[in-house]
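Me: Please take a close look at how the helices of this protein are placed against its sheet and against one another. A connected account, in formal terms, would be preferred.

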Amino acid sequence: MSYRVHLSPKSANVKTGPIPVSTSERATCPADCAMRAECYAAAGPLALHWAAVSTGQRGQLWPEFVAAVAALPAGQLWRHNQAGDLPGDGQTVDPAALGQLVAANRGRRGFTYSHYRDAESLRWIRAANEWGFTVNLSANDLADADALAATGAGPSSSSYRRRKPRTRRRRPAGPW
């Protein structure tokens, strides 16, 4: 299977800073991702870019992308997937494609996040982490982060949503 990916050599994404950043087609995202309805990449300028990659208007096919990663300077910090997920069919990770990416990343400092959580995918994610390509497991909440961390496949992270808007608190006697 082939995947479409766009590699920006210098990101304008304020979250990552000016490092190389990739965007993978939407079809790589797991179908059961709990963040699908509120995915940050589905709105704003990134959504337009992601749609162009997903429809084939931008980016390159997987072999060309892997070659571009291999051509990054030694020691280069880069992020795979400001949008999209690891190569896969939406159900499980494609181990051959992930292996190609891990090999291309050798000597570089690539990292990504993934919502894949089936046993087979977690096995390949663990291997990617052991071989030097950091895959953070994206959790849906703090309990899910603990459960994912317990698999030993890799580090887990979760976004935290504040339930109440932040308010300024005052003591009866005045500010703190």
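Reply: Two residues are said here to be in contact when heavy atoms lie within 4.5 Å. The model is a predicted one, and the description below begins with the helix whose packing calls for that definition. In helix α1, which spans residues 44-54, the buried residues are Leu-46, Ala-47, His-49, Trp-50, Ala-52 and Val-53. These buried residues of α1 pack against three strands, namely β1 (4-8), β2 (21-24) and β4 (77-83). After α1 comes Gly-56, which has a positive phi near 85 degrees.

One of the strands met by α1, β4, contains Asn-81. The phi of Asn-81 is also positive, near 70 degrees, although the residue is not glycine. Asn-81 has a relative accessible area of 2% and is therefore buried.

The wider setting is as follows. The protein chain has five helices and seven strands, and from the N terminus its elements succeed one another as β-β-α-β-α-β-α-β-α-β-α-β. Of its 176 residues, 44% are buried. Among contacts between residues at least 6 apart in sequence, 65% join residues at least 24 apart.

The seven strands form an open sheet with mixed pairing, in the order β3-β1-β2-β4-β5-β6-β7. Its edges are β3 (60-61) and β7 (156-158), each of which pairs on one side only. Strand β6, residues 134-139, runs parallel to β7 and is joined to it by three bridges. Within this pairing, Leu-137 has Ser-156 of β7 as its bridge partner. Helix α5 (residues 142-150) packs on the sheet, where it touches β6 and β7, and its direction makes about 140 degrees with that of β6. Helix α4, formed by residues 119-130, lies across β5 (109-114) and β6, and it runs at about 140 degrees to β6.

Helix α4 also packs with α3, at an angle of about 10 degrees and with the axes 10 Å apart. Since angles under 35 degrees count as roughly parallel, α3 is therefore roughly parallel to α4. On the α3 side, the residues that meet α4 are Pro-95, Leu-98 and Val-102, and their counterparts in α4 are Trp-124, Ile-125 and Ala-128. By class, this contact of α3 with α4 comprises six nonpolar residues, with no polar and no charged ones.

Helix α3 (residues 95-105) has a further helix neighbour in α2 (residues 62-70): the axes of α2 and α3 come within 7 Å and cross at roughly 20 degrees. The two helices are therefore roughly parallel to each other, and their crossing is right-handed. From α2, the residues Trp-62, Phe-65, Val-66, Val-69 and Ala-70 take part, meeting Ala-97, Gln-100, Leu-101, Ala-104 and Asn-105 of α3. The residues of the contact of α2 with α3 divide into eight nonpolar and two polar, with no charged residue.

Taken together, α3 packs with α4 and meets α2, while α4 lies across β5 and β6. Helix α5 touches β6 and β7, and the buried residues of α1 pack against β1, β2 and β4.

How values were computed
Residues are numbered from 1 along each chain as its sequence is written. This is a predicted model: local features need pLDDT of at least 70, side-chain atom pairs count only at pLDDT 80 or more; totals for chains, interfaces and linings use all residues. Side-chain values use heavy atoms; hydrogens and water are left out. Two strands pair if DSSP finds at least two bridges between them. Helices (H or I, at least four residues) and strands (E, at least two) are DSSP runs, numbered from the N terminus. Axes are lines fitted to C-alpha atoms, for helices over the stretch in contact, and angles run from 0 to 180 degrees between N-to-C directions. Angles under 35 degrees count as roughly parallel, over 145 as roughly antiparallel, 65 to 115 as roughly perpendicular and the rest as oblique. A crossing is left-handed if the near helix is turned anticlockwise from the far one by less than a right angle, and right-handed if clockwise. Ala, Val, Leu, Ile, Met, Phe, Trp, Tyr, Cys and Pro count as nonpolar, Asp, Glu, Lys and Arg as charged, and the others, Gly among them, as polar. Buried means under 20% relative accessible area, exposed over 50%, partly exposed in between (1.4 Å probe, protein chains only).
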